[in-house]
Amino acid sequence: MIAGPEVRDLLIGRLRSAGCVFAEDEAGLLVEQASDRAELDAMADRRVGGEPLEQILGWAGFCGLRLAVAPGVFVPRTRTGLLVAEAVRRCTPGDVLVDLCCGIGAIAAAVTARIGGLEAYATEIDPVAVDCARQNLGVRAAVFEGDLFRPLPAGLRGHARVITANAPYVPSAEIAFMPAEARDHERLITLDGGPDGLDVHRRIIAEAQSWLCPGGALLIETGREQVATDLRLLTAAGLMASVITDDDIGATVVVGQN
């Protein structure tokens with residue numbers, strides 16, 4: 001054992017003093033991950049310095065999966081489980097799933113873990129996140145590096161049963177007020193959605209219908225204050241717009257049905 005009770009208690013105290021709400025749990029994970037005391041101390045220093053626990057551990061738990069992460073990538077949030085649940089509800093084996101702004105591939109990994117036989121594709125502009133997504137998805141999905149729909153095979157047009165997107169939706173002026181572990185340790189491109197947070201949403205919605213099959217659905221995670229604008233954009237694009245919320249996890253998803 002690299003850390004006895006005294007060392008563990010000191011670690012918990014350091015983490016708690018740094019503002020870690022789940023200091024005991026985090027300490028346990030750090031002790032489990034570290035190979036020796038020196039590594040444990042280095043990892044603790046990084047966490048006390050504000051780095052996300054998941055980036056330190058090298059993995060994140062999401063929807064029952066353990067997914068590879070790397071420094072600087074967007075760490076999947078619990079609230080995105082609503083997006084996963086809605087995608088699962090709409091997919092059956094053989095359907096085409098497209099996950100835009102896939103990050104480390106969390107959504108596609110969670111959906112394909114629940115429904116076998118999907119034809120799944122994911123795109124992401126951050127090359128570091130793309131590497132993680134390819135590790136996390138393996139042969140279950142094709143992962144393309146590039147901007148939104150651009151890198152997808154042209155033959156997919158009109159065939160997607162579900163398109164998911166956890167695109168950046170934080171208004172630029174609000175980035176400064178985000179928790180430091182996101183603001184300082186996740187790439188700005190994964191957070192900043194432009195003046196009203198919806199720059200990327202507009203681009204996705206404008207093009208989505210041409211990629212959806214009849215009856216297919218576009219699912220986008222969004223903020224509560226942005227729902228009205230998202231619904232207007234979906235309606236203007238010719239999609240049947242609706243919203244789904246889960247107050248328990250603070251999640252909001254807008255839906256555009258083809």
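**Core**

I looked up the largest nonpolar core first and found 39 residues. Such a core is a set of buried Ala, Val, Leu, Ile, Met, Phe, Trp, Tyr and Cys residues joined through side-chain atoms within 4.5 Å. Buried means under 20% relative accessible area (1.4 Å probe, protein chains only). Ile104, Val111, Leu137, Val143 and Leu219 have the most contacts inside this core. I then listed the elements that give it two or more residues, among them α6 (106–114), α7 (127–137) and β7 (212–221). Helices (H or I, at least four residues) and strands (E, at least two) are DSSP runs, numbered from the N terminus. The largest share, 6 residues, comes from α6.

This is a predicted model, with local features needing pLDDT of at least 70 and side-chain atom pairs pLDDT 80 or more, while totals for chains, interfaces and linings use all residues. Residues are numbered from 1 along each chain as its sequence is written, and side-chain values use heavy atoms, without hydrogens and water.

I noted another core, apart from the largest one, with 25 residues, including Leu100 and Ile204.

**Ile104**

I checked what Ile104 touches (heavy atoms within 4.5 Å). Leaving out residues up to four places away in sequence, its contacts include Leu67, Phe74, Pro76 and Cys132.

**Helix pair**

I turned to α9 (residues 199–208) and α10 (residues 227–236). Their angle is about 25 degrees, and their axes are 9 Å apart. Axes are lines fitted to C-alpha atoms over the stretch in contact, and angles run from 0 to 180 degrees between N-to-C directions. The two helices are therefore roughly parallel, a term for angles under 35 degrees. His201, Arg202 and Ile205 in α9 meet Thr229, Asp230, Leu233 and Leu234 in α10.

Terms used. Buried < 20%, exposed > 50% of the residue type's maximum accessible area, 1.4 Å probe, protein only. Parallel < 35°, antiparallel > 145°, perpendicular 65-115°, else oblique.
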